[in-house]
Amino acid sequence: MRLIGLMGGTFDPIHFGHLRMAQELADALSADEVRFIPAAHPPLKASVTAANHRAEMVRLAIADNPKFRLDTRELERDGLSYTIDSLISLRKELGEEVALCLFMGSDAFLGLTSWQRWQSLLDYCHIVVAHRPNFSMKAENLQGPLKELWQQHAVSSCSELANKAAGGILMQAITALDISATQIRTAFKQQGSSRYLLPQNVIDYILMQRLYDTPGRKP
Ligand code: ATP
């Protein structure tokens, strides 16, 4: 069975935390490809940079990786960008004979019960949770509905995801990179350096488009 990783996010901007997570999870799972799916209108984030810029930054960041692919389905849809809708359309497009693995950091997983129709996500995909610095997640500390979800769906190895299309949750350790898009946006606003936190071609694009300039600041 083919295995496709799915990296959803705001990517405002994409950084090495995202890229390294995608690479390590793809390697661990022997994924055939990883699709980066920028959220056009993220339901849980107040104000974000225009979606076309965020998608372009993803395109630039992944251009040299043959396994990484930009998927713009959420930009082509009106209304809020719910992951469940993307999963339904991906399943329709790719059929049942492919394992879909939704990659997310532990911060995202800990907030999963605020996602639209979160109880249905595992009907369409597996969830692979990567450790993110400052969001420590131990299975025994999970609470309430998330704990129940974990107890019903947890698997302990990558190979258990490979021969089923959906329905498993795996926690996978990755190299901890304490990088966030918030930190990068702040650095640009304060004219600090973001070098080595994200690809240089994305930095060049941000500067050229003046994406994170403080309004009114002289060039
Ligand atoms: P912001 O700071 O604007 O909230 P962010 O850096 O958290 O953004 P998102 O685009 O919101 O980035 O994250 C997309 C996905 O990538 C989420 O599942 C998130 O958990 C994960 N992620 C982001 N940064 C890291 C990181 N440094 N390590 C592991 N996972 C990460």
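Reader: Buried or exposed: which word describes Phe188 and Tyr212?

Author: Burial is read from relative accessible area: under 20% is buried, over 50% exposed, and in between partly exposed (1.4 Å probe, protein chains only). Phe188 is buried, and Tyr212 is buried as well. The model is a predicted one, in which local features need pLDDT of at least 70 and side-chain atom pairs pLDDT 80 or more, while totals for chains, interfaces and linings use all residues. Residues are numbered from 1 along each chain as its sequence is written, and side-chain values use heavy atoms, without hydrogens and water.

Reader: How many aromatic pairs does a search of the whole structure find?

Author: A pair of aromatic rings is described by the distance of the centres and the angle of the planes. Rings of Phe, Tyr and Trp (its six-membered ring) pair if their centres lie within 6.5 Å; planes under 30 degrees apart are stacked, over 60 edge-to-face, and the rest tilted. The whole structure yields three aromatic pairs. One of them joins Phe11 and Phe36, tilted, with 6.0 Å between centres and 50 degrees between planes. Phe11 belongs to the loop between E1 and H1 and Phe36 to strand E2, so this pair ties together parts 25 residues apart in sequence. Phe11 is buried at 2% relative accessibility, and Phe36 is buried at 0%. Phe188 and Tyr212 also form a tilted pair, at 6.0 Å centre to centre and 40 degrees between the planes. Phe188 lies in helix H8 (residues 181–189) and Tyr212 in the segment after helix H9 (200–209), so the parts tied together here are 24 residues apart in sequence. Ring pairs also link Phe11, Phe36 and Phe68 into a cluster.

Reader: Phe36 lies in strand E2. Why is E2 largely enclosed by the rest of the structure?

Author: Helices (H or I, at least four residues) and strands (E, at least two) are DSSP runs numbered from the N terminus. Six of the six residues of E2 (residues 33–38) are buried, so the strand is largely enclosed. Glu33, Arg35 and Ile37 point one way from E2, and Val34, Phe36 and Pro38 point the other way.

Reader: With which strands does E2 pair?

Author: Pairing requires at least two DSSP bridges between two strands. Strand E1 (residues 2–9) pairs with E2 in the parallel sense over six bridges, with Gly5 opposite Val34. E1, helix H1 (residues 16–29) and E2 make up a right-handed β-α-β unit; right-handed denotes a clockwise path from first strand over helix to second, with the strands pointing away from the viewer. E2 and strand E3 (residues 68–70) are also parallel, over three bridges, and Phe36 stands opposite Leu70. From E2 the chain crosses through helix H2 (residues 51–62) to E3, and this β-α-β crossover is right-handed.

Reader: How many disulfides does a search of the whole structure find?

Author: A disulfide is a pair of cysteine sulfur atoms within 2.5 Å. The search finds zero. The closest cysteine sulfur to that of Cys101 is in Cys125, 8.1 Å away and too far for a bond. Cys101 is buried at a relative accessible area of 0%, and Cys125 is likewise buried at 0%.

Reader: Which residues are closest to the ligand?

Author: A residue is near a molecule if one of its heavy atoms lies within 4 Å. The ligand is surrounded by 20 residues, the closest being Lys45, Asp107, Leu177, Ala181 and Thr182. A polar contact is a pair of N or O atoms within 3.5 Å. A polar backbone atom of Thr10 is 3.0 Å from a ligand oxygen atom. Polar side-chain atoms lie 2.9 Å from a ligand oxygen atom in His15 and 2.8 Å from one in Arg132.

Terms used: A polar contact is a pair of N or O atoms within 3.5 Å; within protein, one must be able to donate a hydrogen and the other to accept it, and residues adjacent in sequence count only if both atoms are side-chain atoms.
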